[in-house]
Amino acid sequence: MAAAAAAAWGCGGVWWRAWQRGGGRCPAPAPRRQRAVSCNARGGAVLAGKSGLAPWVPVVGLEIHAQISSNSKLFSGSQVQFAAPPNSLVSFFDASLPGTLPVLNRRCVEAAVMTGLALNCSINKKSLFDRKHYFYADLPAGYQITQQRVPIAVNGRLSYSLCIDNKMSQMVTKTVRIKQIQLEQDSGKSLHDDTRSQTLVDLNRAGVGLMEVVMEPDMCCGEEAAAAVRELQLILQTLGSSQAVMAEGQLRVDANVSVHHPGEPYGVRTEVKNINSIRFLAKAVDYEIQRQIEELENGGTILNETRAFDSKLGCTVPMRDKEGKQDYRFMPEPNLPPLILYDAKSLPANMNHQQVVNIDWINERLPDLPSVKRAKLVEQYGILPEHSFTLLNEDGLTEFFENVVKQTQMKPKKVIGWILNDLLGYLKQHSLTVKESPVSPFLLADLLNLLEKKEISSTAAKQVSNRVIRSHKKLWGTAGKQITSCRNCVNAWFLNTCCGYKSVCLKVFVPENPSCCRKLLG
Amino acid sequence: MLRASLREVSAALKEGQVTPTELCQRCLSLIKSTKFLNAYVTVAEETALKQAEESEKRYRRGQPLGVLDGIPIAVKDNFNTAGIETTCASNMLKGYVSPYNATVVQKLLDQGAVLLGKTNLDEFAMGALGSDTGGSTRNPAAHCGVVGLKPTYGLISRHGLIPLVNSMDVPGILTRCVDDAAVVLGSLAGHDPKDSTTIQDNFKPFELPNLPDVSKFSIGIPKEYHAPGLSSEILALWSKAADLFKNAGAKVIEVSLPHTRYSIVCYHVLCTAEVASNMARFDGLEYGHRSNMNKSTESMYAATRREGFNDVVRGRILSGNYFLLKQNYENYFIKAQKVRRLIANDFVKVFRSGVDILLTPTTLSDAVPYMEFIKEDNRTRSTQDDILTQAANMAGLPAINVPTALSERGLPVGLQFIGRSFQEKQLLTVAKWFENQVKFPMIQLEEVKRHDHGVFQHQKSASFS
């Protein structure tokens, strides 16, 4: 089934959309003319409609659930661990045994305060817990404990950057307001076994601490949403308050999408769920924007509904079991007193920081946030801002870069090109992470040194590095052994560009047999 | 021996006049002979005898754990007891064996108490008799002629107590005399890290003076407690009690708690709302009754809950959910919380004006005979019976019923004392003084005849003079 495909390029300039009509179930928007788009003064994308029709302003807000990185759950002492045997991490409280009571986990509070401070929020010194009621197999108590009335942090902002026109050279910084951060329980997991008409429930995740971060509808397209989430992810990982790995369910994003004509009130919004990666987030949001525009331009209406993103088809579909409006019957959680936090001013004289959570104490110990790290990289190494983004975006790449710089005479401004183009390009091509790189910083530094000393030409160096990298699989199979430096071989290879020598060298390009190598090449 | 006070029994055990095993066996046989009363849901005969044996060994070594060692106790069936069925008298938890002990149960067992079994209650404690939250320690105490103490909210851990209204529930203590209540309180009170609503301050167990002196106290008589339906008998007793205090030199003044009359309707809103919430966990998935209906998860939930809960429980769940709906929340739940604040403030104002203890009736009349009892529906009954005890729960204050006299029908009648938050020592001191004055007769249990109206053989009715 051919799927409807959408391709979008940047929000800052002309926004083209190309659709292929698909034979799939997905209600693909008509593949007609492409729509030209230009940014309005505020930076929100404006889609030019059909000729004669008013343009559209898309509005995107996000609700992000980040699992708190802690040893035990939010209100009970059972362990937090991914992929443990089903129902092996369930305390009496998690299973909702009658008579059990919640006890607040201090580490979770600290994680939320850290995150709030990093997002420039006001931390509420007094916040409250509430019960949100609904019936579902993965919610044993029939309610979730959350913070609906007064959450722990409010009114923050997050700055993120995008490249315009997909060119790395032009980056623009945007801000999204953070409405609030609230502490709440995660639910268990239910697996539907349709063959046996049964539902299997695993409560390992039930009660794990979550921070819900609500981003105001200040974004206008999939790329902005993706960039904002990526930046949040980096911040959370830097703080350590959440590992924020989407694939492990530690970071979940729901998008609220609507469209309206400029100057008119906001349109009806839909909620898009089931988005499993940042890439899919951008796709889902862009699809939904387009779907809504098509619907409205055809005289239809948008339902205030919840839709799921189908990653295979690349479209959003209505979610069957979320029909009808839910009344969650919010009620204060009577078993938890208000959460009181202190700062240096309000801390009573006889209390020390071990007895209470002190906002100022936490603030003083916050690590450098990504934005600060990037600025430092730019200043220290003279690289471009957009380079620093890429460095931080790839897990381990900054470290790799800095290690190479340490071991080579080549200027960092030149090293960065090798890192971002050659190394990263190859890794991306073969879906490898930096950690899985067959080339170590040491080897690359060695190679770059040869280049600096003009012992090889840069073309040759590129060839070598490509060859070396590409060859690793042949020689090592999937064992993933890293090629350690074999200077003599590399040297010899450069000096002898004859194919025969090359292939011979390759065959014996084994760190274990350097002597063999030397023999062959003289 | 079965009529003696806790301290007397404890002394007897220490001196070897009776052994824990003998005591336990006597209690068990009395339970058997009064089985028609249906007072026990579960009798834990085997474990009780084992515990008694262990206690005996300790006494023989001269190393009892404390004053509670070897003392037979019973626990209401909404407290979790590991290994012994906990049902809340509901079909929903029939056969449910909890894996853990409630904190208060654990504390009693750690002191060497012998757990005889789990006592009966209205389903999930939702009736006049047994709602631990509107007076169900004090009401039955008054009707049965025993001391019933409801301590201050937050003094005793609720961990393991299956909740009715989390913001009002308090474990209650039923004993023969006020001194015994003080002893048990001493072993139960104190911060529990498993219950975040218990206070952090260190609790110091206390002993009551042998000859309490009430001349320095100011006793308040709230006029609103002269409620419609209050029997003339009880009114007279109340008045006589006030005189007793006056004659002893205490200051006795009339006070006003103007929002008392709203407490029942306020309670109804808050109680049903919390009930609807607390009962949401009973879905048959993790524990308890599960229906055979298996067409879908939702239909299984619905059938389980219909089968597991009785009318009263289901009625309260429906009411509670109604009050919690978004469109109703402000008008009902928030309003009720505001009224609750007003009720609590009534007490604050009175206590601030110099009054130490309030003296009120506990119930409107003596116990109503069974045939009469089942005529009216549960809501009316709750309204009637809880009116004098409910406000103390609303305000979280400590309150105690002291058996006062026998009615004309020969049934026990008690009076209630309400004290300041966490001032149990003061409250019990006054209660003990009063107990000494009225000398309420001990109920004879040895020869209980089967009787249609369940009236015990009794001594001639008497009122204190």
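User: Where in chain B is B:F422 found?

Analyst: B:F422 lies in the loop between strand 10 (412–418) and helix 15 (424–438) of chain B. Helices (H or I, at least four residues) and strands (E, at least two) are DSSP runs, numbered from the N terminus. This is a predicted model, in which local features need pLDDT of at least 70, side-chain atom pairs count only at pLDDT 80 or more, and totals for chains, interfaces and linings use all residues. Residues are numbered from 1 along each chain as written, chains are lettered from A and ligands numbered from 1 in written order, and side-chain values use heavy atoms, without hydrogens or water.

User: Why is B:F422 called partly exposed?

Analyst: Buried means under 20% relative accessible area, exposed over 50%, and partly exposed in between (1.4 Å probe, protein chains only). B:F422 has 36% relative accessibility, so it counts as partly exposed.

User: What makes the phi of B:F422 worth listing?

Analyst: Its phi is near 60°, a positive value in a residue other than glycine. Most residues other than glycine have a negative phi. A:N87 also has a positive phi, near 55°, and sits in the loop between strand 3 (57–67) and helix 1 (106–118) of chain A.

User: How many disulfides are there over all chains?

Analyst: Zero, from a search of the whole structure. B:C27 is in no disulfide, its nearest cysteine sulfur, in B:C24, being 6.8 Å away. A disulfide requires two cysteine sulfur atoms within 2.5 Å.

User: Why is B:C88 without a bond to B:C271?

Analyst: The sulfur of B:C271 is the closest cysteine sulfur to that of B:C88, but it is 14 Å away, too far for a bond.

User: What makes B:C88 buried?

Analyst: Its relative accessibility is 1%, so B:C88 counts as buried.
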